[in-house]
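Thanks, everyone; I would like to spend a few minutes on the aromatic side chains in this next model. Please have the viewer open while I talk.

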Amino acid sequence: ICHVLRYTPFFKAIRQKVIEGAIGDIINVQSVEHVSYHHVVIGFVRGKWARRDYSRSTMLMAKSCHDLDLITWMKSGVRPVSVSSFGNNYQFRPERAPKDSGGRCLVDCSIESECLYSAKKHYIDHPDRWSSYVWDSIEHIDSPTIEDKIESLKTSPYGRCVWKCDNNVVDHQSVLINFQDGCTATLNMIGGTARPGRYIHLVGTHGEIAGWIHDDRFTIYRIDPRPGHEFSEEIVDVGVQGDASGAFGGHAGGDLRLMEDFLKILEGEPASISSTDLEDSISGHLLGFCADKSMESGNIIPIEFLD
């Protein structure tokens with residue numbers, strides 16, 4: 001099952017600590033995904049995942065299925081039993097459009113030069129940012145010029161004002177999960193942040209693990225009741241730089257490591273702790289589907305498994 005974040009050095013090292021019992025039994029999981037301002041608009045406002053009726057996916061499932069899987073992986077073998085969720089499209093709506101904004105950044109917008117979401121700033125001034133998405137309308141041109149790209153933005157979906165698109169997915173969503181053993185978990189997905197990132201905080205009966213993936217390290221906290229102390233901490237340095245610009249490919253180094261793991265299995269080597277079977281992996285997807293159902297209905301949704 002291709003849940004690539006399981007294969008990142010950061011999350012794999014955390015999972016190994018959990019397996020070793022470093023923090024005892026997990027009683028709470030706090031997960032956060034910050035989707036950067038340029039990522040949320042290219043994918044979920046201007047782009048191909050902006051409309052649920054077109055992409056056949058919600059933003060939670062298109063973007064944060066990774067994070068839901070990580071939560072259930074950390075609780076592997078313990079099923080989630082119910083979920084509730086809230087979210088909406090708070091920012092990118094016509095009524096929130098700035099005064100004097102136009103329908104297209106490079107056609108009729110008088111505030112383009114000062115707008116944080118200018119298509120020119122996102123895709124011309126930063127030519128490599130989301131290039132595989134935004135230039136699909138000029139793929140037939142071998143070496144498109146700046147002029148070709150500007151003309152494309154005047155007609156393609158990626159040149160539209162972010163407040164005046166036809167998007168209908170959320171830009172933020174919170175999920176609350178109840179597990180069979182009484183553990184609880186939360187996921188907060190927020191789009192439009194200045195910096196992208198994923199954070200996880202596990203609270204166990206014997207300690208805690210917390211960290212941001214982009215730091216390539218996490219901290220283990222333990223109770224320390226000695227006089228003059230309150231807690232102890234151990235910093236675990238993952239020891240690699242695995243971001244999208246590094247040597248290990250995208251998804252914080254998970255993409256190529258997933259392929260490496262797959263090839264090792266084909267060669268007869270034992271599966272790593274990142275590998276999973278369908279029965280374990282499906283929990284994260286059920287969480288996502290039920291969370292969206294909860295958000296739409298306003299109800300707590302039980303999670304039913306077909307054994």
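Tyrosine 37, in this predicted model, has a relative accessible area of 25%, and since buried means under 20% and exposed over 50%, tyrosine 37 counts as partly exposed. Tyrosine 117, by contrast, is at 9% relative accessibility and therefore counts as buried.

How, then, are the rings of these two tyrosines arranged, in terms of their centres and planes? The structure holds 10 aromatic pairs, and in the one formed by tyrosine 37 and tyrosine 117 the ring centres are 6.3 Å apart with the planes at 75°, so this pair is edge-to-face. The pair links distant parts of the chain, because tyrosine 37 belongs to helix α2, residues 37-44, while tyrosine 117 sits in the loop between β2 (80-88) and α6 (119-124), 80 residues apart.

Tyrosine 117 also pairs with phenylalanine 92, again edge-to-face, at 5.5 Å centre to centre and with 85° between the planes. Both of these residues lie in the loop between β2 and α6, so the pair ties together parts that are 25 residues apart in sequence; both phenylalanine 92 and tyrosine 117 are buried. Taken with Trp163, the residues Tyr37, Phe92 and Tyr117 form one aromatic cluster.

Finally, I would turn to charges placed over rings. The charged end of lysine 48 sits over the ring of tyrosine 133, at 5.7 Å from the ring centre, and the charged end of lysine 75 sits over the ring of phenylalanine 179, where the distance to the centre is 5.9 Å.

Key
Residues numbered from 1 in each chain as written. Predicted model: local features only at pLDDT ≥ 70, side-chain atom pairs only at ≥ 80, totals over all residues. Heavy atoms only, no water. Phe/Tyr/Trp six-rings, centres within 6.5 Å; stacked < 30°, edge-to-face > 60°. Helix = DSSP H or I, 4+ residues; strand = E, 2+ residues; numbered from the N terminus. Buried < 20%, exposed > 50% of the residue type's maximum accessible area, 1.4 Å probe, protein only. Lys NZ or Arg CZ within 6 Å of the ring centre and 35° of its normal.
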